[in-house]
Number of protein chains: 2
Amino acid sequence: MDDVARAAGVSLGTVSHVLNHPDRVAPRTRDRVQRAIEELGFVPDRRARSLAGGASSMIGFVVIDLTNSYFVDMARGAEEEANLAGMNVVLANSDIQAEKELTYLHLFDEERVAGILLTPVENLADQAWRSREWRRRLVVANSDGGADRCSVAPDDELGGYLAARHLIDVGRRSLVFAGGLFHLAPVANRLRGAQRAVAETNGAVRMTTVTTAGLRPKDGREVGARLADLPPAERPDGVVAAADLLALGLVQALAGQPGLRIPEDLSVIGYDNNQASWESAIPLTTIAQPGHEVGRTATRLLIEEIREPGTHRHQCIKIEPQLIVRSST
Amino acid sequence: MDDVARAAGVSLGTVSHVLNHPDRVAPRTRDRVQRAIEELGFVPDRRARSLAGGASSMIGFVVIDLTNSYFVDMARGAEEEANLAGMNVVLANSDIQAEKELTYLHLFDEERVAGILLTPVENLADQAWRSREWRRRLVVANSDGGADRCSVAPDDELGGYLAARHLIDVGRRSLVFAGGLFHLAPVANRLRGAQRAVAETNGAVRMTTVTTAGLRPKDGREVGARLADLPPAERPDGVVAAADLLALGLVQALAGQPGLRIPEDLSVIGYDNNQASWESAIPLTTIAQPGHEVGRTATRLLIEEIREPGTHRHQCIKIEPQLIVRSST
DNA sequence: ATGAAAGCGCTAACAC
DNA sequence: GTGTTAGCGCTTTCAT
């Protein structure tokens with residue numbers, strides 16, 4: 001910056017002014033300085049800027065699983081909202097490992113970023129990050145952040161409700177909820193929501209639960225095979241799958257069976273709006289996770305907390321998932 | 001840090017020493033300082049450290065498409081290699097937009113990161129980043145970086161060769177190369193490789209090319225339908241698909257046909273080792289993109305360039321893809 | 001409108 | 001071994 005000042009024949013402080021308060025400097029000198037910046041290819045040093053000024057414009061986002069497009073959507077939402085406020089988002093991949101999560105949390109802390117977004121590793125044994133007092137503002141996404149910070153999460157209970165409700169609306173009366181890993185809050189909440197929808201029918205609709213080993217296509221194919229073996233009278237006419245990949249396997253196993261057309265004889269609804277759900281042979285009706293919206297909202301909250309530390313009140317926001325109707329129901 | 005020094009009853013410089021050269025300080029004072037750090041919850045400021053010392057330990061990786069697991073693999077590889085050298089990797093999502101790519105390149109430049117990794121947007125009109133002289137060390141991944149910088153890319157020609165070679169090895173004699181978007185270097189190179197494998201047979205094997213609109217399952221299903229309509233005599237016995245999702249659609253369309261068992265009557269090989277390839281009903285034989293290895297190598301080159309600016313020579317490294325045999329061949 | 005100077009939090013000589 | 005001090009590149013008062 002010294003060079004720029006010398007080339008433009010002004011003082012260091014003036015160069016700084018054209019960078020930060022261009023209006024407080026005479027148009028002619030401003031032009032002169034800007035030309036010098038151009039010619040010298042001057043690139044300001046953000047480390048020094050934020051050191052001296054105290055304000056970083058970088059938000060660090062510790063993402064749990066970048067192979068899951070839901071979280072990438074969240075990152076996109078976060079970027080959009082951050083850009084609106086003139087801030088940037090950089091990502092770190094914790095890869096479902098509590099250790100890496102902590103490493104990056106520390107990195108961002110030491111980098112003195114303006115704020116941190118975190119999608120925590122859910123394993124209860126691995127929540128060391130909660131016990132530490134982070135000096136950065138931190139908002140939690142996709143999971144409950146506790147009372148003393150902001151968090152934003154999808155409303156899985158509502159999602160489960162919408163899924164079952166949709167099957168009921170298209171005339172299904174004998175449902176199955178297929179899912180596994182019920183110790184995970186999202187799955188458990190989806191089941192609860194589905195049960196609420198059934199309960200509302202006052203007995204007009206029945207639903208049983210089938211537990212799978214996991215939520216992969218393989219698990220779905222197993223359930224599908226089991227359902228296909230059932231005597232037609234006992235067969236359900238609607239399946240709520242806890243995840244799209246599960247639903248996908250289910251449809252694969254069922255689609256070939258005689259007298260079992262999808263969706264005529266059996267409707268299947270998934271959950272996630274996974275890429276596979278719309279690229280499969282029978283595009284899946286599904287509940288779209290509001291990743292984009294979660295990312296935006298979390299970032300909005302974070303920036304609010306950064307900008308107005310005084311008036312800010314912590315809150316936990318639930319985002320509505322979206323029903324997407326396709327060919328499987 | 002002042003507080004720490006005061007609490008430990010030492011000078012500022014000593015605290016700095018226990019942080020940077022713990023061996024140069026007496027064990028007892030070191031312990032005292034470390035205890036003070038603990039108690040005060042002191043978190044060193046990386047901005048100030050790198051400002052004063054000149055060395056950042058952060059590598060910025062501008063990733064083109066985080067929804068593609070190939071690039072996430074690259075990021076993982078980069079992290080591993082960076083950690084080995086005591087460095088960290090933060091990610092930025094350019095999302096296939098040249099504009100965002102430039103934004104993040106500038107961000108990392110201004111942040112004075114130790115080095116930059118870039119998977120460039122391939123659109124030739126959008127290569128503004130090439131014309132600029134980045135002040136950071138930059139290595140290009142997954143694409144040719146040009147003569148004046150390092151780059152690492154998968155050997156697509158070899159991948160295409162391996163794919164066709166495998167079909168030939170399992171006895172296929174009438175091949176089809178199915179693919180689209182031949183203006184993209186990767187696809188074109190895969191085709192060339194496949195043709196080389198065929199040429200080596202001196203006419204014992206024939207291969208025709210079928211052009212698809214894209215590389216999605218939908219496109220695969222179209223080709224599949226076309227092949228199924230062919231009189232059995234004219235039908236190929238092996239298909240090299242330019243991408244897994246394409247192969248997936250193809251298999252879906254073909255699997256149901258009478259007298260067309262996969263792999264007995266027709267072998268299909270994909271490309272990418274996409275998640276879908278191993279989770280589908282008929283797991284796909286495929287060529288695995290060496291994302292992890294590309295990431296590692298690019299980072300190794302970058303760190304080499306950072307650490308030994310004198311002896312470093314720019315180079316362009318090609319990484320071998322891997323044949324993964326599954327049920328479709 | 002511009003310049004001078006004090007510091008942001010730290011590292012790296014250099015003294016003692 | 002430990003303390004002292006001069007910067008690193010910038011922003012921000014406070015003068016002028």
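The questions below concern a predicted model and the labels applied to its DNA contacts and its two protein copies.

Q: What makes the pair between A:Ser11 and a phosphate oxygen of DNA strand C a polar contact?
A: A backbone N or O atom of A:Ser11 is 2.7 Å from that phosphate oxygen. The cut-off for a pair of N or O atoms is 3.5 Å, so the pair is a polar contact. A:Ser11 is also among the residues that come nearest to DNA strand C, along with A:Thr14, A:Thr29, B:Met1 and B:Arg49.

Q: Why does the pair between A:Ala52 and DNA strand C count as a polar contact?
A: The distance from a backbone N or O atom of A:Ala52 to a base oxygen is 3.3 Å. That lies within 3.5 Å, so the pair counts. For A:Ala26, the partner of a polar backbone atom is a phosphate oxygen, at 2.9 Å.

Q: Which part of DNA strand C supplies the atoms within 4 Å of the protein, sugar or phosphate, or bases?
A: Sugar or phosphate accounts for 78% of these atoms, and bases for the rest.

Q: What classes of residue form the surface near DNA strand C?
A: There are 11 nonpolar, nine polar and three charged residues. Elements that each supply at least two residues are α4 (46–53) of chain A, and α2 (12–20) and α4 (46–53) of chain B.

Q: Why are the two copies said to be related as by a two-fold rotation axis?
A: A turn of 180° with a shift of 0.1 Å along the axis lays chain A on chain B, at an RMSD of 0.2 Å. The copies are therefore related as by a two-fold rotation axis. Both use the same surface, since 100% of the contact residues of chain A recur in chain B.

Methods: Residues are numbered from 1 along each chain as its sequence is written. Chains are lettered from A and ligands numbered from 1 in the order in which they are written. This is a predicted model: local features need pLDDT of at least 70, side-chain atom pairs count only at pLDDT 80 or more; totals for chains, interfaces and linings use all residues. Side-chain values use heavy atoms; hydrogens and water are left out. A residue is near a molecule or strand if one of its heavy atoms lies within 4 Å of it. A polar contact is a pair of N or O atoms within 3.5 Å; within protein, one must be able to donate a hydrogen and the other to accept it, and residues adjacent in sequence count only if both atoms are side-chain atoms. Helices (H or I, at least four residues) and strands (E, at least two) are DSSP runs, numbered from the N terminus. Ala, Val, Leu, Ile, Met, Phe, Trp, Tyr, Cys and Pro count as nonpolar, Asp, Glu, Lys and Arg as charged, and the others, Gly among them, as polar. Copies are superposed by least squares on the C-alpha atoms of residues with pLDDT of at least 70 in both. Contact means heavy atoms within 4.5 Å.
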